[in-house]
Amino acid sequence: MSINTKRLRASVYLASVLVMSAATSGCSIFSQTEKDLTEGWSANKIYTTAREAANAGDYERAIGLYESLEARYPLGRFAQQAQLETAYAYYKFDEPDSALDAIDRFLRMNPSSEDADYALYLRGLVNFNRGHSIVDKLFPRSIADLDTVRQKESFQDFSHLLTRHPGSKYAPDAQERIKHLRNSLAQSELNVAQYYMTRGAWLAAFNRAEYAVKHYQGSPAIADALEIKVKAAHKLGKPDLAADNLRVLELNFPERAAALKAQLR
């Protein structure tokens, strides 16, 4: 290899290193500049600016400012409020996992806060709205088709709110959402139970229908769930169990019970 070739390769390598160093240095300078934007600001100024950003829909900037506030003034009077507002900003920024983390941290650090009811309500909202992507908006579908795990978590969150803070101003909306979730979750269980019936999995069908009856009383799906329990019990060769569930059906839905009796004769 000639000396000129070696020099050329060395020059190319050095240029590459310099470009990478400059890029890295540029990123560091940029990051440092971003960090220094609030240097010398009071907690009140950071908080106010973050609120303004959130109100303008710039949730990404709001999150950064709230987190700077917590880092700089962790024991200040604005820090606790910033935790909750960070959670809300993450929720609006479509980062549900980060929102839930922020809410859980707030509840751990401030278990007796007067805003605990709002934290539980917000947690329920985050789980309630998970999966509502642009596709869901363009092609609406039943919430029963969404992730039932998140639905159950939302149901639990709103239930905790009503149990622990029955007088909360968020309670009426939580109650309505619980009603919606109860119906949806019951329908999801019923859909699975009906599938098992078509597959001849009588015990599995009975168990799913029983779960719906036990946990989601008041749902329109309960009548169908009771019917499945009666039919599945018959298929399992358990006439006493079928009769017990038929009596429950008669007490609550006499017309449905009469029609089912006619089918079973």
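## Helix packing exercises

The axes of helix H6 (residues 116-128) and helix H8 (residues 148-164) cross at roughly 160 degrees and come within 8 Å. This is a predicted model, in which local features need pLDDT of at least 70, side-chain atom pairs count only at pLDDT 80 or more, and totals for chains, interfaces and linings use all residues. Residues are numbered from 1 along each chain as its sequence is written, and side-chain values use heavy atoms, with hydrogens and water left out.

**Exercise 1. Describe how H6 packs on H8.**

Step 1. Take the angle of roughly 160 degrees. Axes are lines fitted to C-alpha atoms, for helices over the stretch in contact, with angles from 0 to 180 degrees between N-to-C directions. H6 is therefore roughly antiparallel to H8. (Under 35 degrees counts as roughly parallel, over 145 as roughly antiparallel, 65 to 115 as roughly perpendicular, the rest as oblique.)

Step 2. Add the hand: H6 passes H8 in a left-handed crossing. (Left-handed: the near helix is turned anticlockwise from the far one by less than a right angle; right-handed: clockwise.)

Step 3. List the contact (heavy atoms within 4.5 Å). H6 contributes residues including Leu 120, Tyr 121, Arg 123 and Phe 128. H8 contributes, among them, Arg 150, Asp 157, Phe 158 and Leu 161.

Step 4. Sort by class: 6 nonpolar, 4 polar and 6 charged residues. (Ala, Val, Leu, Ile, Met, Phe, Trp, Tyr, Cys and Pro count as nonpolar; Asp, Glu, Lys and Arg as charged; the others, Gly among them, as polar.)

**Exercise 2. Place H11 against H12.**

Step 1. H11 spans residues 222-235 and H12 residues 239-252. (Helices are DSSP runs of H or I, at least four residues, and strands are runs of E, at least two, numbered from the N terminus.)

Step 2. Their axes come within 8 Å and cross at roughly 160 degrees. H11 and H12 are therefore roughly antiparallel to each other.

Step 3. H11 passes H12 in a left-handed crossing. Leu 226, Val 230 and Ala 233 are among the H11 residues in contact, and Leu 241, Leu 246 and Leu 249 among those of H12. The contact divides into 9 nonpolar, 2 polar and 2 charged residues.

**Exercise 3. Now place H9 against H11.**

Step 1. H9 (residues 171-198) and H11 have axes that come within 10 Å and cross at roughly 25 degrees. H9 is therefore roughly parallel to H11.

Step 2. This crossing is left-handed. Leu 190, Ala 193, Gln 194 and Met 197 of H9 meet Asp 224, Ala 225, Ile 228, Lys 231 and Ala 232 of H11. By class: 6 nonpolar, 1 polar and 2 charged.

**Exercise 4. Assess the confidence of the chain.**

Step 1. Mean pLDDT (the predictor's confidence in each residue, from 0 to 100) is 84, and 80% of residues reach 70 or more.

Step 2. Residues 1-34 fall below 50, with 2 contacts beyond near neighbours in sequence. Residues 133-141 also fall below 50, with 6 such contacts.
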